[in-house]
Amino acid sequence: MASKSTSIESPYLPVPVTIESVESISATERLFRLSNGLASSRSKVSVKGGKGGAPVYSPGQFFMVGLPGYGEAPISVCAPYEPGFGIELCIRLAGNLTGALHRLGPGDTLWLRGPYGTGFDTEGFKGLDIIFIAGGIGIAPMRSLLLAVLKERKSFGALRLLYGAKSPEEVLFTEETEQWQEAGLETEVIVDKGSKGWKGRVGLVTDLMGPLKPTPGSTRAVVIGPPVMYRFVVAKLKRMGLSETDIQLSLERRMKCGVGKCGHCQINSSYVCQDGPVYGLGDLKGMGEAFK
Amino acid sequence: MNETSPIPPRFLTKRELKSLLGALIREYRAYGPVDSDGVPAFSALTSSAELRFDLSPTHLSAREFLLPSKETLLKFDLTESGPGVVITPVVEAQPQVIIGLKPCDINGMALMDSVMAAGVRDVNYLKRRAATIIVGVECLPDETCFCASLGTERAESGFDLFVHLLPTRGVLVRIGTEAGAKILKKYAWGRKAVKAEIVKLEEHYELKLGAFKARLNALPEELPGVLAASDESPVWQSIGSICTGCGACNHVCPTCYCFDVSDELSSDLKSAERLRVWDGCTLDDFTLVAGGHNFRKSRAERLRHRFNRKFNYGSERFDSLFCVGCGRCSRTCLVDINITEVTNAIIKEVKESRG
Amino acid sequence: MPYSKRYKVAFFSMTSCEGCQLLVLSCENELPDILTHVNIVYFREAMSEKSTDYDIAFIEGSATTAKEVRKLRKIRKQAKIVITLGACSSTGGLNRLKNRFKIDDLKESVYGKEALGSQAFDTKRVRAVDEIIEVDHHLHGCPISKEEFLKSFNDLLLGLKPHAPNYPVCTDCKIAGNVCVFKKGETCLGPVTRAGCSAVCVTYGSICWGCRGFVDAPNIAAHTETLQRHGMKKEEALSFLSLYSTGLTGKKEKKIVR
């Protein structure tokens, strides 16, 4: 019979990772590049995945990111896994924990558990045209997918990114979009409200969808954005003839455990932390609350 | 929890039962139902005389003993900073015995077990569960109990020992696990039950089934479909408008397991703990995310979610309903949201719309 | 750890019983630790030194005089962070009962007829601190919860925004394992009152009087009916509900998500 407190592998035990660099990419977003591998630790910790290196993860997956004394929150990876390189996370300042994370700099430590959830199946996209539709901070998880796709650009058909942000100041990865364009990703950005010096388009991301002529069956549409965006974008994609199997999306929810226990992320019978955050539109059938 | 033991039921005299319970209370940390100011409640036991097997289900379920309302998951030693922080996982499991669990609660605990063991194992719960001995007791329904509508009025497994009070001077004890057999052999082995006594069990179940006043007007297997068809029902609005979002229905439920996780620092800032505390899907901020979006904005949506969790959502994931018919949520609700009445209203609506 | 700098902290008292300050002083085990991280520069109940240079101001008590209103505005100008300490400052507290009467009637009954025309009696309607100046965080309760006070202090030291729960006391009561007071034939305000007190009153045999004010979205109508079902007249129920609170709409607490 078990007794007292024992040292045991707890699913809630995080590992320490050193921050390599922090880049402020907007007033509220910072891009954290983590070092490859664990910080030397005095805690007894073990990680699944590569020996000493970062665990293997797919685009679209997430980690529980935390600080002792501050708590934990789910954060999606922002770049695809690459052997020898560390994890990249784009963190928005939204509360106490992210506020504390934003005060960290190179050489500081943050704590991770994961990766969790389903990722995007880039293999399944091969040979197909892909339309990436991102809104707001949704560009961060989307970036993990589109960088993975661009790495093997030749394996895919036509690639197009439609990206909507609230204001020009909130457009993320502006410098990178040119590189993406050069690498073969046609990129269009639109903002809800323009400001001085903004020469781009003003409107909603659905306004960029007009010229799309997707070929059902050989096109995949990937949608990641704020809750209000999904309903409209998905309806428009469907009107263009795309079927449920052609459309994939990633959903945000409150999460406290990441392992299907705490109940916060549940939509109908689905746990977003386990069955998502990446879903095919067909998986969400009958789940009225998915787009709330 | 071992396989069901093939050992046939044993007959114990009332005195033998008393010495069995007395021994368990002496040897283990023991909990059981007592009368607390006229309300049935689980309590730590010091003597078998405190135990009451004739009461309605306790106001709170027994989940506190397996999933404490507040539990430390990790301890942080912050003496050094950065990677020098030492994190120690805390998994505490003291041997304990819960006496007097009714069939509804035993079935509810089995559901908790399946949730905590599915996929990534929740060692905190499972270790505690493994260190827990369950002594079930047969019961009769009160006016709110409706386990018979869900097929949870009997417990066939999920206990170590199960006591049937016979109308005669003794009790019949079913043995559910080897651990249960060992305990019985050690403290009060009694004698093998005779056929006439086993027949009494079936007579009791007949009496029990006839005694239910609250019932659901659909078969258990119909319920997931009924709830799935109820999304737009006006019933949710009507109960949502009187709900105060107090969370009592969640907290008294034997199959609610949702929890929040937060960190707490010591006042010298040199140590901290990561704690999990009970949370409930009927509380206003349950689905609130950083940035301010709340995925279930209204109490109507939150109650719809809770009812679906009990009668629908679990059926896909765990092949079971997640309500065991104990009626605690109905008894605790101060605005009289009654689970059988609400569900029957939904059943009626859906059946009528299907024609 | 990104701990913040050494804050200068001041404790001020308006109209109140000063019980919340006393509760701060009763944190005997924790105060030595706290004092290694902050300087307390003003605390009338505990020390004779005075300073007007402070970062964090804890304010106890409600504003009932013109002098107090001026004092509050002065505090707001100096302090970077203003925190109310207890029910009187957070919602007006029991002092708010005064607002059920006409000021002149009160003056007359307390000080006599001659007080009516006199300027010497500085007394006004009772207001919570945030009805006069901006408040960064409320510490609710009559008195405050020691645990919540200490936790908020830690949060401030770490540069975090303190956070009061937004669920009713019933949740704390269930966590405490209490039998519901309604089951014992009594009534309480638990279903509409902000938790965070560990349901201490019910645990020790009393009822919830609602001293922590309402949750963000209290269902007052439903709870009024509950109280009526349990034997109260409607006026009694509404009077009970407004004992500690700023009226019947509830006070908005800024939501912080961790």
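Me: How many residue pairs are in polar contact between chain B and chain A?

Reply: A polar contact is a pair of N or O atoms within 3.5 Å; within protein, one must be able to donate a hydrogen and the other to accept it, and residues adjacent in sequence count only if both atoms are side-chain atoms. Between chain B and chain A there are 24 such residue pairs, both at pLDDT 80 or more. This is a predicted model, in which local features need pLDDT of at least 70, side-chain atom pairs count only at pLDDT 80 or more, and totals for chains, interfaces and linings use all residues. Residues are numbered from 1 along each chain as its sequence is written, chains are lettered from A and ligands numbered from 1 in the order in which they are written, and side-chain values use heavy atoms, without hydrogens and water.

Me: How many salt bridges are there between chain B and chain A?

Reply: Side chains of opposite charge can pair when their charged atoms come close. A salt bridge is a side-chain nitrogen of Lys or Arg within 4 Å of a carboxyl oxygen of Asp or Glu. The count between chain B and chain A is 6, and one of them joins A:Glu289 to B:Arg304 (3.5 Å, N to O).

Me: Is A:Arg143, in its salt bridge with A:Glu176, buried or exposed?

Reply: Buried means under 20% relative accessible area, exposed over 50%, partly exposed in between (1.4 Å probe, protein chains only). A:Arg143 is buried at 3%, and A:Glu176 is buried at 16%. Their side chains meet at 2.9 Å, N to O.
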